[in-house]
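Work through the exercises below with the sequence and the 3D structure open. Each task is followed by a solution in steps.

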Amino acid sequence: MGDQVKRTAVAAALGWIVAATSSVHAAEQYAIDTPAPVSMLLNAGDSSFAVLRDGATYRLARCEIRIVCLASARVSGLPPKAPGDGLPDGRIASASSGDVRQAWYGRPTTRYDHAVLGDGIEAGSLVARDAAGQLHELVLPESHVFEDITPRIADLDGDGRNEIVAIRSSLARGGAVAVYGLRDGELKLLDASAEIGRSRRWLNVAGIAGYHGAGRPVVAWVETPHIGGTLKMATFENGRLKRFGKNRTGFSNHFIGSREQQLSATGDFTGDGRLDLALPSADRRSIVFVSRGAIARTRLPGRVATALSNVGGAIVTADDNGTLLAVIP
């Protein structure tokens, strides 16, 4: 990583040592000592938790001197699980306003033998609950599935009505980003990106935010994250997905067989007041910061193996050795 300046800081409450290095990539990288290796990170609302392989759980918080502090805590704030007839480990996405207040996947099916998310069970329908509490269900034809775990709710076009962003896969032509909404009292497909073009080719949503000063929500995803993934972005205008910015290659926000889809994080990492995206490189050995005008990357000691968390501006993740890492752009 070039010339490095080594520093240490003490996480006072627990007495752990935090080793840090400052690299020529204009980012600081910290390896955080934990009592046991890290098995996963969980993002729950505004909180992030580290789950260790021995079962212990810790809440992560940014510290002025200690970079990231860990406090023993039970995991809380996760979205509720989907109903019993929903996707087995799917969860319910929620919104506090708008016409769509909840959304989840239903009608589990094994008709698509891809199993990119590990268990081979995908969803055959999308269910939404509106502001009046009424349920609406859209059932896919046998030619498609939702190759996803939990949908996402956002007002993409600012009209006061919420849209639902899902990963829909054709058994013959692979994955697409699909946008749904309530229209005339029914849950309908509004638009979808082009399908990748062949069976068993997938994409993973990286985030929905006003990236690069767009002034409106932008949907970001990595197409084929396992084979030289391409980062794509689109806005939703006049009922259609519209390409935003240029496509960029060399990313991965998922690895085959994992149920974890949150290998990305959003924040103002350049300090210019615009939201940026952080996600792993194609080999998952670097964290890449994608801003409006540039890309910066920081090499890691191992491969990214867990979700990414934005903890007070620091990107926190764990590598395949179970080491908890913090990168400050």
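The exercises that follow concern a predicted model.

**Exercise 1. Asn 204**

Locate Asn 204, decide whether Asn 204 is buried or exposed, and find the partner of its side chain in a polar contact.

Solution.
- Step 1: Strand 17 covers residues 203-209, and Asn 204 lies in that strand.
- Step 2: The relative accessibility of Asn 204 is 0%, so Asn 204 counts as buried, the cut-off for buried being under 20%.
- Step 3: The side chain of Asn 204 makes a polar contact with the side chain of Gln 261, at 3.1 Å.
- Step 4: Setting aside neighbours within four places in sequence, the residues in contact with Asn 204 are Ile 167, Trp 221, Val 222, Asn 253, His 254 and Gln 261. Gln 261 thus appears both in this list and as the polar partner.

**Exercise 2. Ser 97**

Place Ser 97 relative to the strands, classify its accessibility, and give its C-alpha to C-alpha distance to Gly 271.

Solution.
- Step 1: Ser 97 sits in the loop between strand 8 (93-94) and strand 9 (100-109).
- Step 2: The relative accessible area of Ser 97 is 45%. Because partly exposed lies between the limits of 20% and 50%, Ser 97 is partly exposed.
- Step 3: From Ser 97 to Gly 271 there are 174 residues in sequence and 30 Å in space, C-alpha to C-alpha.

**Exercise 3. Salt bridges**

How many salt bridges does a search of the whole structure find? Describe the pairs made by Asp 159, Asp 184 and Glu 223, with the accessibility of these three residues.

Solution.
- Step 1: The search of the whole structure finds 16 salt bridges. Side chains of opposite charge can pair when their charged atoms come close.
- Step 2: Asp 159 pairs with Arg 161, with 3.0 Å between the closest N and O atoms. Asp 159 is partly exposed at 34%, and Arg 161 is partly exposed at 35%.
- Step 3: Asp 184 and Lys 188 form a salt bridge at 3.8 Å, N to O. Asp 184 is exposed at 73%, whereas Lys 188 is partly exposed at 31%.
- Step 4: Glu 223 forms a salt bridge with Lys 232, where the closest N and O atoms are 3.2 Å apart. With a relative accessible area of 14%, Glu 223 is buried.
- Step 5: Asp 89, Asp 119 and Arg 259 are joined into one network by salt bridges that share partners.

**Exercise 4. The disulfide**

Which cysteines does a disulfide join, and are these cysteines buried or exposed?

Solution.
- Step 1: One disulfide is found in a search of the whole structure.
- Step 2: This disulfide joins Cys 63 to Cys 69, with 1.9 Å from S to S.
- Step 3: Cys 63 and Cys 69 are both buried.
- Step 4: A disulfide is a covalent bond between the sulfur atoms of two cysteines.

**Exercise 5. Val 316**

Find the strand that holds Val 316, classify its accessibility, and list its contacts beyond four places in sequence.

Solution.
- Step 1: Val 316 belongs to strand 27, residues 314-318.
- Step 2: Val 316 has a relative accessible area of 0% and is therefore buried.
- Step 3: Apart from neighbours within four places in sequence, Val 316 is in contact with Leu 41, Leu 60, Val 68, Ala 307, Leu 308, Ser 309, Val 311, Leu 324, Leu 325 and Ala 326.
- Step 4: Val 316 and Ser 48 are 268 residues apart in sequence, yet their C-alpha atoms are 9.3 Å apart in space.

Notes
Residues are numbered from 1 along each chain as its sequence is written. This is a predicted model: local features need pLDDT of at least 70, side-chain atom pairs count only at pLDDT 80 or more; totals for chains, interfaces and linings use all residues. Side-chain values use heavy atoms; hydrogens and water are left out. Helices (H or I, at least four residues) and strands (E, at least two) are DSSP runs, numbered from the N terminus. Buried means under 20% relative accessible area, exposed over 50%, partly exposed in between (1.4 Å probe, protein chains only). A polar contact is a pair of N or O atoms within 3.5 Å; within protein, one must be able to donate a hydrogen and the other to accept it, and residues adjacent in sequence count only if both atoms are side-chain atoms. Contact means heavy atoms within 4.5 Å. A salt bridge is a side-chain nitrogen of Lys or Arg within 4 Å of a carboxyl oxygen of Asp or Glu. A disulfide is a pair of cysteine sulfur atoms within 2.5 Å.
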